[in-house]
Amino acid sequence: MAINTYNIPDIEGDDTGDVGICVFDEKGRFLYTNEAFLQIRGTTLDHYHSITPEDMYKKNLTDKCILNSVFTSKTPITDVQTVLREDGKILRKQLVTIYPIFDENGNIKNAIAYYRDLASVSKNSRQELGQKPVQRAAPQKSTVIVSPSMKALYDSAQKVAAIDSTILITGETGTGKEVLARYIHNASPRQEKEMVVVDCTALPDSLIESELFGYEKGSFTGAATAKVGLIESANGSTLFLDEINSLPLSLQGKLLRTLETKTIKHLGALKAKPVDFRLIAATNVDLLQCVADKTFRSDLYYRLNVIPFHIPPLRKHREDIVPLVRYFKEYFTKKYGVNRCFSPKVYEELEQNNWVGNVRELKNMVERLVVMGTSSTMTESDFLPQQPAENEEITDERERIRKALELNRGHREKTAQYLHISRRTLQYKLKKYGIY
């Protein structure tokens, strides 16, 4: 992989004003710093001869080590970093972009970083610097992908991020629908505000309307004050509605009107008010089948399905399994402060697994291996920790829930009704028994 794989900005010498530039070697040591970087930090070059960004992070002089994330993911990262004084007070927030540089064997040999004070960075200047919100440092926002199918999917997502068209993401549970939604949001003009995430299955039926749309004071018993709803809280940002198929029919029409008019009306309000948000919806079921079953409005389906994305299950892009394992292993070893290495056999076993729970299940497995490991090097004997035998009652209940889901084509509200339990109880049992 060559250096020009990435659009590295052409900034030469030290005549860059407030743009700090650093070059690191493969171990994260400083090889070069320009004068602007030293001025930003208020230090001299000698200060960096014996310190690395990781050292600064461990000493609580920064809130994150972006360079480590670049080395782990092997992709460029743009993120906001907080610089702290030794007493913990904030000195500044800076916009950081770091690009990996590879040798002829595809290994990282250097990294080049650009720093600018966040207060002085306008959207135009970010574009001039070639900075793009490629990904964030936290694992839930990672886009560690090597397979052609996933690269094509994320390339398409990057292209539509700048426009406000509604997006519908489909895919099995655990495939990373929220990760893709965050990627689109972070690459959009709305990135400055946090994306609002709503799990439609987690809201009680009795409260879902007031939680989504908000209410006025005195609109119902107990409404002592007015409350802004989740949709309105996404004003100027992105609203992510997960498990959109679980939204009650009675509210689907109200959501449709909000999408069509870009207005929202609180419970108890006489007038609607304008709201500006970009909607990304997600589901793990066939919405067209839900339309056929009359559990989902056809007009809302077509309003949502403007730009569709389908995320394939992990078993369909196995090339991404090992890179994801490495990424999660590095994250959890740092998080828990342990030293763990996986033997080649462990990687082989992980790659051959079917992963019915997809990336979420893989992530949980890696965390389990890191936490429960008893030696620095994990072997195949550690791959699947022995689980206690289940009693017949638990087994029977799990199978009953599985069959009910199958009969109702994965629709959770209908499944809960079929089992004569609440949707919240069903959600709890799905998590308890690991049903994906």
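These exercises work through a predicted model, each with a stepwise solution.

**Exercise 1. Confidence**

Task: Find the average pLDDT of the chain and where pLDDT falls below 50.

Solution:
- Step 1. The average pLDDT is 81. A score of at least 70 is reached by 84% of the residues.
- Step 2. Residues 122-142 have a pLDDT below 50. This stretch still has 55 contacts in the model beyond near neighbours in sequence.
- Step 3. Residues 385-393 also stay under 50. Here the model has five contacts beyond four places in sequence.
- Step 4. Where pLDDT is low, predicted coordinates should not be read in detail.

**Exercise 2. The two sides of helix α17**

Task: Sort residues of α17 into buried and exposed, and state how the buried ones are arranged around the axis.

Solution:
- Step 1. Locate the helix: α17 spans residues 423-432.
- Step 2. List the buried positions: R423, L426, Q427, K429 and L430.
- Step 3. Check their directions. These residues cover an arc of only 165° around the axis, so they sit on the same side of α17.
- Step 4. Turn to the other side. R424, Y428, K431 and K432 are exposed there.
- Step 5. Look past the helix. G434 follows α17 and has a positive phi, near 65°.

**Exercise 3. Salt bridges in helix α13**

Task: Which acidic residues pair with K345, and how are they spaced along the helix?

Solution:
- Step 1. Recall the principle: side chains of opposite charge can pair when their charged atoms come close.
- Step 2. Apply the cut-off. A salt bridge needs a side-chain nitrogen of Lys or Arg within 4 Å of a carboxyl oxygen of Asp or Glu.
- Step 3. Take E348. Its closest N and O atoms with K345 are 3.7 Å apart, and the two form a salt bridge.
- Step 4. Take E349. Its side chain meets that of K345 in a salt bridge at 3.9 Å, N to O.
- Step 5. Work out the spacing. E348 and K345 are three residues apart in α13 (residues 344-352), so about one helical turn separates them. E349 and K345 are four residues apart in α13, about one turn of the helix.
- Step 6. Add exposure. K345 is partly exposed at 32% relative accessible area. E348 is partly exposed at 37%, and E349 is partly exposed at 25%.

**Exercise 4. A bridge between a helix and a loop**

Task: Place both partners of the E211 and K227 salt bridge, and judge their exposure.

Solution:
- Step 1. The side chains of E211 and K227 meet at 2.9 Å, N to O.
- Step 2. E211 is in helix α7 (residues 208-213), while K227 is in the loop between α7 and α8 (230-233). The partners are 16 residues apart, and the pair links distant parts of the chain.
- Step 3. E211 is partly exposed, at 22% relative accessible area. K227 is partly exposed, at 31%.
- Step 4. Set the pair in context: the structure holds 20 salt bridges.

**Exercise 5. The surroundings of K109**

Task: What does K109 contact beyond its neighbours within four places in sequence?

Solution:
- Step 1. K109 lies in strand β5 (residues 108-117).
- Step 2. Its relative accessibility is 40%, so K109 counts as partly exposed.
- Step 3. Its contacts beyond those neighbours are F24, D25, E26, I101, F102 and D103.
- Step 4. Compare sequence with space for F71. K109 and F71 are 38 residues apart in sequence and 9.8 Å apart, C-alpha to C-alpha.

Definitions and conventions. Residues numbered from 1 in each chain as written. Predicted model: local features only at pLDDT ≥ 70, side-chain atom pairs only at ≥ 80, totals over all residues. Heavy atoms only, no water. pLDDT = per-residue confidence, 0-100. Contact = heavy atoms within 4.5 Å. Buried < 20%, exposed > 50% of the residue type's maximum accessible area, 1.4 Å probe, protein only. Helix = DSSP H or I, 4+ residues; strand = E, 2+ residues; numbered from the N terminus. Arc of directions from axis to C-beta.
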